[in-house]
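The following exercises concern a predicted model. Please work through each task with the structure at hand before reading its solution.

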Amino acid sequence: MRGMQEEEVFVTGNEAVARAVKLAKPNVIAAYPITPQTEIVEVLARYVESGELKSEYIHVESEHSAMAACIGAASMGARVFTATSSHGFLYMCEMIFWASIARLPIVMANVNRALGPGWNIWADLKDAMSHRDAGWIQFYTASVQEAYDTTLMAFRIAEDRRVMLPTMVNLEGFVLSHVMQPLRLVNEAEYDKFLPPVRIPHALNFERPHTLGTLISPEHNYLVQYDHNRCMRAADDVIAEVEREFERMSGRRYGAVMKYRCDDAETLVIAMGTLAKEAEVACDSLREKGEKIGVLRLRQLRPFPKAFLEEVKRLTAERFIIIDRAYSSGYGGILAEEVKAKLYDLGLKKEVKSIIAGLGGQDVPHEALEKMFMDKRGGEVWFGV
Amino acid sequence: MARAFNTVVVSMVEVLGKEEHEGMEAVRGEGKVVKWLAEIPADEYVLKGNSACAGCTAMIALRYALKASRATGRKTLLLVGACCMVVCEGVYPNTAYNVPTLDTAFACTASMASGVEAALKSFGRRDVNVIAFAGDGGTVDIGIQALSGAVERGHNFLYVCYDNEAYCNTGMQRSGATPLCARTTTTPGGKREKKKDVPRIMAAHGIPYVATACPSYPMDLYEKFKRAFSIEGPKYIHILTPCPVSWRFPTSKGVEMGKLAVRTGMWTLYEVEHGVFRLSPPSRRVVLRGDVVPVEKYLRAQGRFNGITDEEVERIQKMVYQELEWFKEAAARRKLW
């Protein structure tokens, strides 16, 4: 199958996402500009205007309306896409929850950016990570290729009948959204086979009228939430299945966790997004110096992957270093706390060090990471403080 | 019970409603105009057992909207904002609305309608009337941004604001549509500001159709729905729907209260179609012939104006006269501005 993909281009993370959306041919795109996401919706607007992409493009007047329009369209059975970032993400917050409780397979790209005040347009994962309980499937990507591939898979995952959940593809502002890297394209005909037409079973129809979103009493509400979680858990297996199929089509393999020199590692670095890639560079350098260190990159935060637990159980590393680009004030690094809770579930006692780094676009060079990895002190460390 | 009540309302309207089609044909000059209630389809798309309060006039508005939509021969897709009309549906797994219905969050009735309309367009469906139905809070306050954006984008849908002049679903709190001096639970001493005039704001968007209406004039209301459905693009109808619970008047007086609103000039019925302003028949005699009932009669009939002083009544009366003068000029130049 690899012979089918002939094209390679050199594009930004944003353009890669737009190119993936173009292949998915959504019925409706609702979009509002925000830095550093804007390029995604600009590229899509060009595709629509030139006729290359036959989507209805709604130039909404806010992100709240962007997600509302997506919900309206998906409630009619349409495939929809939107993209946002940071304040836009928070502005659509009510609708983000609405979309997931309504069980609509909306796909959204979120270009992670810090929150104001003061205005800061650089990378920070707090926008998305603070919404890990919103009921969306959340992916965090680390390269242009991965942003593209994950967006392609997101439609298939979200629309799977066993899942029917909105799905968010995160890419960090500037360090990924605006960085140009080579991108191998997926063949359109192949992708059409990979992604069947969307069918939303509870969409409104004129043959048998029903109401979506009517009052729901305490007798039923908890069942809706129970069912939501059931499907979110099921999504974990569906994602693995889709990733396997995607590999057959593209030759590129993904997993909920991506291991880098982990197998014999005594120290395991756990991180998400581009910081994990930076950690890989630091890891190579430390390996040369004889340190047994590896990087476990978490690609999928929700559903929290079973694969992560399996790896942690299997790997022999005794020392865990967790890097967080998002912090829960008064508690801890968000990923660090999630990992620690899971270690408790597994009955594992590990030495855990939490590194808070890269907030608001703070530059985190691999040399600095190397130094922090080598510092044997445990507990929480804020880079630069 | 709701059904029985509605029957009572309808027969009251039959007795009271002779004035509204007076001069209607002259205004339209085309097509068949409904002159008698019996000509309005008897089919009901709001089912028995809905949980509307006794005397709810907003429910009359919704019923007529759905009847008029059906009469066009097209399908209906209803969106209901967070408002009384969503409560009236009843509780899951039941619904009282026999058309596909999408309930929306508070601020986004118009933007969800944008999405629905865009999806239908993408499917190539041209046979659907998309109706967004929301209250005054959801329209003039929290939803105005989404509404303004949706009509500016030119989506083909009808937005209906049923205006009971307060957040009546949550127990009568002040909204931007609450009139001057009205007592609400959040303005216990009476509102100090005037009502926000959203129909005129919508007309300023230059959309093809804007109308005001009142269920006390059901034929006029029905005709306006019909008119709206015949026009491509964004349409807006603002309906004054007296609420017996919040306005504090007997449940049997809803239709009367609407008529009083129109006859006193507190509410003026008109249409702006492709920029052309037209007074509707019930308001023509008020505005053009000066056949005006003093506002005091309207204000004193409602508990929400309890304790209003003579000076305040005088102030409101003056405001009304100014408004009527303004409408008279608008009627003469056939333009709102």
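**Exercise 1.** Locate B:Gln173 in chain B, and determine which residues outside its sequence neighbourhood are in contact with it.

*Solution.* Step 1. B:Gln173 belongs to the loop between strand S4 (158-163) and helix H8 (198-204) of chain B.
Step 2. Neighbours within four places in sequence are set aside; the contacts of B:Gln173 are then B:Ala166, B:Tyr167, B:Thr178, B:Thr184, B:Thr185 and B:Thr186.
Step 3. For B:Gln173 and B:Thr184, which are eleven residues apart along the chain, the C-alpha atoms are separated by 5.3 Å.
Step 4. The side chain of B:Gln173 also forms a polar contact of 3.3 Å with the side chain of B:Thr185.

**Exercise 2.** State the order of the strands in the open sheet of nine strands, and identify which strands stand at the edges.

*Solution.* Step 1. The order is S9(A)-S2(B)-S1(B)-S3(B)-S4(B)-S6(B)-S5(B)-S7(B)-S8(B), and the pairing is mixed.
Step 2. The edges are S9 of chain A and strand S8 (276-279) of chain B; each has a single partner strand, so one side of each is left without a neighbour in the sheet.
Step 3. At the edge formed by chain A, strand S9 (residues 211-212) is joined to S2(B) by two bridges, and these strands run parallel. Here A:Leu212 is opposite B:Leu102 in S2(B).
Step 4. At the other edge, strand S7 (residues 270-273) of chain B and S8(B) run antiparallel and are joined by four bridges. In this pair, B:Glu273 stands opposite B:Val276 in S8(B).

**Exercise 3.** Describe the interface of chain B and chain A: how many residues are in contact, and how much area is buried?

*Solution.* Step 1. The contacts involve 43 residues of chain B and 36 residues of chain A.
Step 2. The size of an interface is often expressed as the accessible area that is lost when the parts come together. Chain B and chain A bury about 2900 Å² between them, and 68% of this lies on carbon and sulfur atoms.
Step 3. Within chain B, the residues that lose the most area to chain A are B:Tyr92, B:Gln145 and B:Arg153, which together account for 17% of what that side buries.

**Exercise 4.** Find the salt bridge across this interface, and state which elements of chain B give two or more residues to the side that touches chain A.

*Solution.* Step 1. The rule finds one salt bridge across the interface of chain B and chain A. The side chains of B:Arg153 and A:Glu61 form a salt bridge, at 2.9 Å from N to O.
Step 2. Twelve residue pairs are in polar contact across the interface, with both residues at pLDDT 80 or more.
Step 3. On the side of chain B that touches chain A, two or more residues come from each of strand S1 (75-80), helix H4 (84-87), strand S2 (101-103), helix H5 (109-122) and helix H7 (144-152). The largest share, ten residues, is given by H5(B).
Step 4. Sorted by class, this side of chain B has 23 nonpolar, 14 polar and six charged residues.

**Exercise 5.** Determine which parts of chain A are linked by the salt bridge of A:Asp149 and A:Arg252.

*Solution.* Step 1. The side chains of A:Asp149 and A:Arg252 meet at 2.6 Å, N to O, in a salt bridge.
Step 2. A:Asp149 is in helix H7 (residues 144-159) of chain A, while A:Arg252 is in the loop between helix H9 (218-250) and strand S10 (257-260). The pair is 103 residues apart and links distant parts of the chain.

**Exercise 6.** Which peptide bond leading to A:Pro36, and which leading to A:Pro117, is cis?

*Solution.* Step 1. Most peptide bonds are trans, and most residues other than glycine have a negative phi.
Step 2. The bond from A:Thr35 to A:Pro36 is cis, with omega near 0°; A:Pro36 lies in the loop between strand S2 (28-30) and helix H2 (38-50) of chain A.
Step 3. The bond from A:Gly116 to A:Pro117 is also cis, with omega near 0°; A:Pro117 is in the loop between strand S5 (107-112) and helix H6 (126-129) of chain A.

Conventions: Residues numbered from 1 in each chain as written. Chains lettered and ligands numbered in written order. Predicted model: local features only at pLDDT ≥ 70, side-chain atom pairs only at ≥ 80, totals over all residues. Heavy atoms only, no water. Contact = heavy atoms within 4.5 Å. Buried area = accessible area lost by both parts, 1.4 Å probe. Salt bridge = Lys/Arg side-chain N within 4 Å of Asp/Glu carboxyl O. Polar contact = N/O pair within 3.5 Å; in protein donor to acceptor, adjacent residues only side chain to side chain. Nonpolar A, V, L, I, M, F, W, Y, C, P; charged D, E, K, R; others polar. Pairing = 2+ DSSP bridges.
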